[in-house]
Amino acid sequence: MTLKTLQQQVTTLSAPTKGPRNIDFSWKAVADATSIALKRSTNNGGTWTTVATVDGSATTATVDGLSPGTTYLFKLEVTMGDRKGTSNELSVTTSGAPINDFTIVPGTTSIKLVWGKIATNAKTVQAGKSEDGGKTWRWSTITKTATSYTFTGLTPNKTYLFALKVTGGAFEGTSDPIEVTTDGLHVESLAYTARTDTTASFKWNRVADATSLKIQYWDAAQGAWIDANTGTISKTATTAKATGLTGDTTYKFRLYVEGGRYAGESNYVTLKTLQQQVTTLSAPTKGPKSIGFSWKAVADATSIAVKRSTNNGGTWTTVATVDGSATSATVDGLSPGTTYLFKLEVTMGDRKGTSNELSVTTSGAPINDFTIVPGTTSIKLVWGKIATNAKTVQAGKSEDGGKTWRWSTITKTATSYTFTGLTPNKTYLFALKVTGGAFEGTSDPIEVTTDGLHVESLAYTARTDTTASFKWNRVADATSLKIQYWDAAQGAWIDANTGTISKTATTAKATGLTGDTSYKFRLYVEGGRYAGESNYVTLKTLQQQVTTLSAPTKGPKSIGFSWKAVADATSIAVKRSTNNGGTWTTVATVDGSATSATVNGLSPGTTYLFKLEVTMGDRKGTSNELSVTTSGAPINDFTFVRGINSVKLVWGKIPTNAKTVQVGKSEDNGKTWRWTSTAKTSTNYLFTGLTPNKSYLFTLKVTGGPNDGTSDPVEVTTYADRVEKLSSSNITSKSVTLRWKSLKGAEFVTLLQYDGGDWVAAATGPISNTATSATVTGLSPEKSYRFKLVVIGGANEGESDEIQIYTKSK
């Protein structure tokens with residue numbers, strides 16, 4: 001039987017993306033097609049309509065103008081090509097178009113959401129509310145025919161998100177969230193409780209959950225509400241006071257609430273401030289017989305009279321009249337220590353009338369004419385006769401600059417008082433206080449310092465060419481101590497270089513003095529009973545000597561010395577002692593102008609004592625003594641014996657006074673070392689466990705003795721562990737297999753064959769550097785051959801012994 005299979009057709013029609021009114025289609029490419037038509041059926045395949053035509057090479061097409069939430073049937077009609085004909089049929093439903101056209105009807109505790117009619121094929125409709133910015137939602141199912149929904153039980157002045165969710169039909173999906181803030185409540189209880197020319201006080205019922213409260217007034221000139229000057233009002237407050245207002249002026253106020261259910265403005269309160277009067281009369285200055293008055297300027301006043309009453313306001317007398325622009329006046333001819341009542345009488349202007357009343361008492365005329373009789377432990381205060389109408393007289397003393405006073409009552413007829421039991425050289429304040437009478441008041445404080453004691457025990461205890469040491473008896477309650485010397489050139493006492501001297505110290509040392517020089521010293525005391533200078537001490541410093549001998553350089557057998565230049569010296573000898581100063585030997589002599597010398601011929605690691613002997617000049621004599629130890633001479637004369645896995649280091653005998661001996665090995669060219677202690681009497685050391693054909697550094701470290709130090713590193717390479725023997729197997733007429741031991745770290749391996757005149761590479765092909773055998777080919781039957789192995793790099797570097805073989809016959 002003969003048959004023909006059906007032609008292949010497109011089976012990959014799909015709709016990867018779709019919307020409410022359009023669908024995107026795709027399919028695999030159709031070879032040799034001339035055109036492709038996209039067909040649509042709205043009656044489940046009953047009839048088909050071409051809705052798009054594309055080129056035969058296309059693999060996509062888009063159909064627009066569809067209805068949301070509607071199911072369609074699609075297929076392709078392919079013209080020509082290996083898959084001509086109709087494709088698979090594809091059922092696709094367009095997505096819904098969520099409702100997003102809303103009307104909002106706001107309220108204080110409710111919100112009404114209004115929308116258009118929903119298509120009848122919707123399955124469910126839900127209205128949603130979110131109180132946390134969309135993180136969580138509360139959904140309520142409503143009828144499918146509803147066109148509005150009212151959310152109730154809301155909080156005033158709070159922001160919510162609302163949405164509508166439809167499943168099924170043309171409007172399927174969730175609308176975009178709608179942000180709505182409910183209307184707030186309003187404070188209606190604001191009222192004013194008091195007013196003056198510059199202030200207004202208010203009250204209101206407490207405002208729940210507000211974040212801030214402000215009293216504001218309307219400024220018509222600016223066309224804006226202005227924050228009144230109330231200071232910060234607590235969010236729970238129910239009262240406030242506005243200050244800084246203008247007198248005789250009408251204001252409109254409101255309470256402005258931020259946050260919470262009552263956010264926004266309250267009811268308005270209108271009031272008029274009272275007319276202003278002068279309330280700033282004051283007496284900034286007063287004396288025994290006069291008072292100076294001041295007040296704030298009064299606008300448009302024509303004159304201002306100062307009135308005085310001597311009977312507590314029973315009658316008033318004008319005692320001064322000034323121009324209406326004045327802000328001050330002085331009243332003279334008053335009695336000391338007398339109380340008066342004053343007020344202003346303002347003619348015309350915005351503050352006309354009487355001012356505040358002011359009670360002022362003139363000051364007394366305290367006694368301030370004193371004579372002082374000082375002493376070491378007492379002070380006598382003398383003054384003139386006090387008026388008989390004085391009530392009390394007290395003499396006062398202060399030891400802390402006037403912070404606290406101690407008062408002693410004395411007779412009213414006294415003209416002097418002696419303060420006893422005082423501390424020498426201490427500063428006090430004294431005063432006289434009178435109550436009643438013409439001399440009432442406290443005198444100005446008089447500062448007096450009692451006579452002081454003096455240190456008489458200063459003496460010197462030691463001196464050198466540059467220093468002088470002193471002692472003295474302890475100085476009680478001093479605040480600081482200084483040793484000073486007299487500088488005749490400057491005509492002044494100069495602080496000696498002693499460092500800081502403790503205030504309780506009894507000794508000090510002055511340094512930096514000039515040798516062979518006469519000085520006059522004193523101890524200068526600050527504070528306490530002994531403040532001032534002590535007795536003088538005269539001394540002459542000793543002649544200066546060289547103290548700067550040092551050894552900046554030294555080696556195993558020499559030392560380089562230096563010192564500061566010595567003026568006018570004729571010669572300088574370097575002396576050496578080998579028995580700690582028992583005897584001295586001159587080892588070098590230099591010119592008097594020299595500042596250095598070198599001593600040679602010394603023994604390594606040996607301690608010597610040196611000094612200078614200076615002839616003539618300002619520092620003649622011996623210098624400071626200097627102990628110097630020559631450096632050791634590290635051992636650097638080695639013999640080494642190397643092997644495959646070991647190296648033996650050999651050196652000469654080390655002196656017995658060495659403290660420790662260590663041998664060192666480095667495998668990384670001296671970056672790190674491994675040290676091993678060995679006997680001080682050793683003259684060799686064997687390093688074992690080494691790697692064949694590897695370079696090492698070796699050294700010797702000695703502490704103490706003439707060989708103290710570390711030798712220069714010695715580089716030694718161990719012998720290679722070469723392949724000595726080859727073995728053969730599998731010998732034929734044309735080939736042979738050669739074998740050898742395992743290689744370590746080899747870089748290159750080859751077999752050489754002797755050709756009668758030279759060694760050439762055997763026919764083995766490349767040999768791995770880890771191989772242990774190779775087969776040589778291309779040989780001739782019944783012939784003798786010689787071979788050897790060559791290894792480059794690694795522990796087995798070198799040539800093996802030769803091996804001879806004889807090939808077999810054919």
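## Strands β17, β18 and β21

In β21, alanine 242 is the bridge partner of alanine 200. This pair belongs to a predicted model. Strand β21 covers residues 239-242, and 4 bridges join β18 to β21. The two strands run antiparallel.

Strand β18 also pairs with β17. Here β17 spans residues 191-195 and β18 spans residues 200-203. The pairing is antiparallel, again over 4 bridges. A hairpin of 4 residues links β17 to β18. Across this pair, tyrosine 192 faces phenylalanine 202 in β18.

## The chain as a whole

The protein chain has 72 strands and 0 helices. Its C-alpha atoms fill a box of roughly 165 × 135 × 40 Å along the principal axes. The radius of gyration is 60 Å, whereas a compact globule of 810 residues would have one near 28 Å.

Of the 810 residues, 38% are buried. The chain exposes about 42,800 Å², and carbon and sulfur atoms supply 46% of that area. Many contacts span long stretches of sequence: among those between residues at least 6 apart, 62% join residues at least 24 apart.

## Glutamine 216

Which strand holds glutamine 216? The residue lies in β19, which covers residues 212-219. Is glutamine 216 buried or exposed? Its relative accessible area is 7%. The cut-off for buried is under 20%, so glutamine 216 counts as buried.

The side chain of glutamine 216 makes two polar contacts with other side chains. One is with aspartate 227, at 2.7 Å. Another is with arginine 254, also at 2.7 Å. Leaving aside residues up to four places away in sequence, glutamine 216 touches Trp225, Ile226, Asp227, Ala228, Lys252, Phe253, Arg254 and Tyr256. Both polar partners, Asp227 and Arg254, are in that list.

## A sheet of three strands

Further along the chain, 3 strands form an open sheet. Their order is β33-β34-β37, and the pairing is antiparallel. Strands β33 (371-374) and β37 (416-419) stand at the edges. Each has a single partner strand, so one side of each is left without a neighbour in the sheet. Neighbouring strands are turned by 15° against each other on average, direction ignored.

Strand β34 covers residues 379-382. It pairs with β37 over 4 bridges, in the antiparallel sense. Within this pairing, lysine 380 stands opposite threonine 418 in β37.

Notes: Residues numbered from 1 in each chain as written. Predicted model: local features only at pLDDT ≥ 70, side-chain atom pairs only at ≥ 80, totals over all residues. Heavy atoms only, no water. Pairing = 2+ DSSP bridges. Axes fitted to C-alpha atoms, helices over the stretch in contact; angles between N-to-C directions. Buried < 20%, exposed > 50% of the residue type's maximum accessible area, 1.4 Å probe, protein only. Polar contact = N/O pair within 3.5 Å; in protein donor to acceptor, adjacent residues only side chain to side chain. Contact = heavy atoms within 4.5 Å. Rg over C-alpha atoms; globule rule 2.2 N^0.38 Å. Areas by Shrake-Rupley, 256 points an atom, 1.4 Å probe, with all protein chains shown as cover.
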